[in-house]
Amino acid sequence: MDEIEKEKIAALPSQLLVTTICHPMEYAKVLIQLGYEPLPPRRSTTLFGRPAMVLPNVFQYIKYIKASDGFFGCYRGLSARVLGLIATSQLTSKVIYVCGINLPEINDPPNIVTDEEPKVEDYIKLGRRDMIMHTASVIVSYPFHVVALRMMASFVGKEEEYSTLIGAIVSIYRDDGIRGFFHGIIPKMLGDLTCVAVTGVLAYYVNKYLVKTKDLRYYTVPLLTFVTSTITYPLVVVSTCMAVAGSSLKAGNPPAMPKYPSWQACWRDLLRNKQHKRGSSLIFRYYIAPIAAMQ
């Protein structure tokens, strides 16, 4: 436990730096996930030469945000994200300890120091450890995640009460109480745990049958995590939408967003309208007209 916590704290400065540098891109991505497209598509072609309507890329989107709110406006919601990272590094291990859960002691990945064949028992231990840590991490950081999302979503309707961290927290509590800080956590948790589980299973078979060199096993899990995360990405979009849906924000109510009675309804609506992958590509973005409105 202590070793894991030390590793998290040691990695915190670099995480904060990367988060700060990349925040404008994340900001634009969140607005895209919410379906907010202030700039019209233009006629162009796909990489294969087919005619298509192309939406502005993420850099053009950031330029639009900057023109509207200025340079520092591109960092709306950053304070909540930074607090979320700090809370995760400081509290995740403590939450696990308070709950009385013992984390399995296991190398990551297993058999990294030898050329032995992977053992399924080791990967089960690793999967259990990662699932426990992911669950605790999401529970600790999710309230800050919701605050950040709603602060960024306030760009759509220019709601002043979400312009500051304290104002956003007060507004969320006023609108929805404590539950408001956990809106959308189920699809978020489902996506993360599915990613961890599928990555663990694939890593075992890849390291057992394909990767025989111990040095290459360092890269198996990160590569497979990237592949798996693309499969579970629609759940990220659902979680983002549900974190904002039904709030006092313009971005979370009709006509900007349908009223969703549940995250399953949101999933079905996005899937039906082929909007479940919006934001997955930030450079090549093609306009897909909605097929049907929410009933």
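Start by selecting Arg129, which counts as buried at 11% relative accessibility. Here buried means under 20% relative accessible area, exposed means over 50%, and partly exposed lies in between (1.4 Å probe, protein chains only).

Before moving on, a word about what is on your screen. This is a predicted model, in which local features need pLDDT of at least 70 and side-chain atom pairs count only at pLDDT 80 or more, while totals for chains, interfaces and linings use all residues. Residues are numbered from 1 along each chain as its sequence is written, and side-chain values use heavy atoms, with hydrogens and water left out.

**Stop 1: salt bridges**

Stay with Arg129 and add Asp130: their side chains meet in a salt bridge, at 3.2 Å from N to O. The term stands for a side-chain nitrogen of Lys or Arg within 4 Å of a carboxyl oxygen of Asp or Glu. How many salt bridges does this rule give? The count comes to eight.

Next, pick Arg174 and Asp175, whose side chains form another salt bridge, at 3.4 Å from N to O. Arg174 is exposed, with a relative accessible area of 52%, whereas Asp175 is partly exposed at 30%.

Then go to Lys188 and Asp192, a salt bridge with an N to O distance of 3.7 Å. These two residues are four apart in helix H6, so about one helical turn separates them. Lys188 is partly exposed, at a relative accessible area of 26%. Elsewhere, Asp69, Arg76 and Lys158 are joined into one network by salt bridges that share partners.

**Stop 2: the whole chain**

Zoom out and switch to a cartoon view. You should find eight helices and three strands. Both are DSSP runs numbered from the N terminus: helices are H or I with at least four residues, strands are E with at least two. Following the chain from the N terminus, the order is α-β-β-α-α-α-α-α-α-α-β.

Of the 295 residues in the chain, 43% are buried. Now think about contacts, meaning heavy atoms within 4.5 Å. Among the contacts with a separation of 6 or more, 73% are between residues 24 or more positions apart.

**Stop 3: the spans in the record**

Colour residues 189-206 and 226-249, which an unreviewed UniProt entry lists under "transmembrane region". UniProt positions are given in the numbering used here, feature names are shortened, and annotations may be inferred rather than shown by experiment. In the model, residues 189-206 are 100% helix and 0% strand, with end C-alpha atoms 25 Å apart. Residues 226-249 are 79% helix and 0% strand, and there the end C-alpha atoms lie 32 Å apart.

**Stop 4: two residues of helix H6**

Select Met189, in helix H6. Is Met189 buried or exposed? Met189 is buried, with a relative accessible area of 15%. Setting aside neighbours within four places in sequence, Met189 is in contact with Thr135, Val138 and Ile139. Its C-alpha atom is 9.8 Å from that of Tyr142, although the two residues are 47 apart along the chain.

Val196 also has its place in helix H6, and counts as buried at 12% relative accessibility. Which residues does Val196 touch, not counting those up to four places away in sequence? They are Gly127, Asp130, Met131 and His134; you met Asp130 as the salt-bridge partner of Arg129. The C-alpha atoms of Val196 and Ser229 are separated by 9.1 Å, with their positions 33 residues apart along the chain.

**Stop 5: the nonpolar core**

A nonpolar core is a set of buried Ala, Val, Leu, Ile, Met, Phe, Trp, Tyr and Cys residues joined through side-chain atoms within 4.5 Å. The largest one has 47 residues, and Leu31, Tyr61, Ile65, Val147, Tyr260, Cys266 and Leu270 touch the most other members. The elements giving two or more residues to this core are H1, H2 (58-69), H4 (120-157), H5 (165-176), H6 (185-209), H7 (217-244) and H8 (263-272). Helix H4 gives the most, with 11 residues.

**Stop 6: the surface**

Finally, turn on the surface. The chain exposes about 16,100 Å², of which carbon and sulfur atoms supply 64%. Accessible areas come from the Shrake-Rupley method with a 1.4 Å probe; for residues, only the protein chains shown count as cover.

Highlight Met25, Leu47, Phe48, Phe59, Ile283, Phe284 and Tyr286, which make a nonpolar surface patch of about 780 Å². Patches are made of residues with over 30% relative accessible area and no salt bridge; like charges are joined within 9 Å, and nonpolar side chains (Val, Leu, Ile, Met, Phe, Trp, Tyr) within 5 Å. End on Met25, which lies in helix H1 (residues 2-33) and is partly exposed, with a relative accessible area of 32%.
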